[in-house]
Amino acid sequence: MQAAASAAGFRLRPHAKTHKSPRIARWQLDAGAVGITVAKVAEAEVFAEAGVDDIRLAYPVPTATASRVVDLMERVRLSLCVDHLGVAMRWSEVMVNAARNLDVLIKVDVGYHRCGIDPGRSDAVEFVSRVAALPGLRFLGVLSHAGQSYMASSDEDLIRIAREEAATLRALVSAVRTSGVPVKEVSVGSTPTASCSFLEAGLTEARPGNYVFFDLTQVNLGSASLLDCALTVLATVVSTPSADRLVLDAGSKTLSSDDARGPGVRRGFGTVCPDVSRQVSDDALVIERLSEEHAVVSRLPGATALEPGDRVRIVPNHACVVANLTDTLRLVEGDAVIEDIPVAARGKNS
Ligand SMILES: Cc1ncc(COP(=O)(O)O)c(C=O)c1O
């Protein structure tokens with residue numbers, strides 16, 4: 001990802017929500033990332049403590065966290081997003097009182113319809129100008145997340161989403177510049193659209209997160225192959241009640257209840273690779289349902305013989321959630337554990 005971003009002239013700022021680990025963030029920074037992205041102030045606090053010095057909160061951070069944000073600004077270069085004038089004005093007040101300047105980006109809705117200003121609204125440029133004029137705020141630019149890419153039905157669809165996102169941002173930025181407000185940064189970020197966004201002009205930064213591990217959703221979307229998926233769950237068969245059913249010791253507290261998304265979606269809560277040394281799925285094994293500590297797997301008659309005590313590898317549907325469910329990731333090569341990696345920011349949701 002770093003190589004692709006650099007080749008396209010983009011700055012890479014990976015979203016660290018996927019790994020929540022200062023150790024992995026350090027690898028990304030050493031490879032050339034300009035900083036990291038997080039959603040929550042509590043995550044930023046963990047990464048700041050670990051020495052990451054450039055952190056972007058790509059989130060409409062509530063002003064209730066103001067004292068913690070000001071405290072973080074003493075230690076790191078911090079930026080955050082706004083999409084509401086009243087909130088921007090409150091941040092402005094906080095920063096004037098603290099005699100600080102906060103870097104802000106305006107979040108733009110590029111079709112996901114989650115957060116962000118509607119770029120089509122008649123006063124979009126005025127909104128940007130008003131935020132840019134607020135004392136105590138330093139307006140850096142605009143930021144978007146094309147989360148609708150997870151609903152894409154084909155490669156063409158992904159290309160279209162990335163193109164439309166870039167075109168929307170370019171049009172807004174051009175109008176804002178024409179109004180006399182300089183725009184330094186134009187930041188996009190989603191793993192499925194990353195390679196398409198790198199072909200677009202006028203963008204400066206990419207913030208993909210999931211790519212650091214990939215998962216079954218990315219396989220379904222065509223962003224990765226099963227072998228590209230770096231995060232797997234090692235599970236043990238704990239029960240084989242019948243010829244067509246077995247149970248693994250990894251339930252919703254390990255795999256999460258997230259479905260896989262994307263076209264060509266596979267059934268189940270992750271794909272089972274019955275030979276732990278080879279990341280090859282066995283489609284005769286389907287994780288049909290989860291309870292907290294159990295995965296109930298249906299197996300076709302004659303499918304891989306598995307007995308209690310046997311281990312399997314599961315490629316999960318959504319790696320970002322799975323990492324957040326464990327204290328430690330184990331870096332392995334074959335059977336050898338090379339390093340235990342603490343997921344230091346797990347559960348840091350405030
Ligand atoms: C604001 C924002 N930026 C970047 C990302 C990273 O996208 P992805 O998970 O597709 O890598 C996300 C993911 O949720 C996000 O919400």
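This passage describes the sheets, a pair of helices and the ligand surroundings of a predicted model.

The description begins with the parallel sheet. Eight strands form this open sheet, in which the pairing is parallel and the order is β1-β8-β7-β6-β5-β4-β3-β2. Its edges are occupied by β1, spanning residues 11-12, and by β2, spanning residues 36-38, each of which pairs on one side only. Within the sheet, strand β4 (residues 77-82) runs parallel to strand β5 (residues 102-107), and the two are joined by four bridges. In this pairing, Leu-80 has Val-104 of β5 as its bridge partner. Helix α3, formed by residues 41-49, packs on the sheet and touches β2, β3 (54-57) and β4, while the direction of the helix makes about 175 degrees with that of β3.

The same helix, α3, also packs against helix α4 (residues 66-75), at an angle of about 25 degrees and with the two axes 11 Å apart. Because angles under 35 degrees count as roughly parallel, α3 is roughly parallel to α4. The crossing of these two helices, α3 and α4, is left-handed. On the side of α3, the contact is made by Val-41, Ala-44, Glu-45 and Ala-48, and on the side of α4 by Arg-68, Val-69, Leu-72 and Arg-75. Taken by residue class, the contact of α3 with α4 comprises five nonpolar and three charged residues, with no polar ones.

Antiparallel pairing is found among strands later in the numbering, where strand β9 (residues 233-242) pairs with strand β10 (residues 245-248) over three bridges. These two strands, β9 and β10, form a hairpin with two residues between them, and Ser-239 stands opposite Val-247 in β10. Strand β10 is also joined by four bridges to strand β13 (residues 295-299), again in an antiparallel manner. In that pairing Leu-246 stands opposite Val-297 in β13. In general, the strands of a sheet pair through backbone hydrogen bonds, in either a parallel or an antiparallel sense.

The final element considered is the ligand. The residues that surround the ligand are His-15, Thr-37, Ala-58, His-145, Gly-189, Ser-190, Thr-191, Arg-207, Pro-208, Gly-209 and Asn-210. By class, the shell around the ligand divides into eight polar residues, two nonpolar residues and one charged residue.

Terms used. Residues numbered from 1 in each chain as written. Predicted model: local features only at pLDDT ≥ 70, side-chain atom pairs only at ≥ 80, totals over all residues. Near = placed C-beta within 6 Å. Nonpolar A, V, L, I, M, F, W, Y, C, P; charged D, E, K, R; others polar. Pairing = 2+ DSSP bridges. Contact = placed C-beta atoms within 7 Å. Axes fitted to C-alpha atoms, helices over the stretch in contact; angles between N-to-C directions. Parallel < 35°, antiparallel > 145°, perpendicular 65-115°, else oblique. Left-handed = near helix turned anticlockwise from the far one by under 90°.
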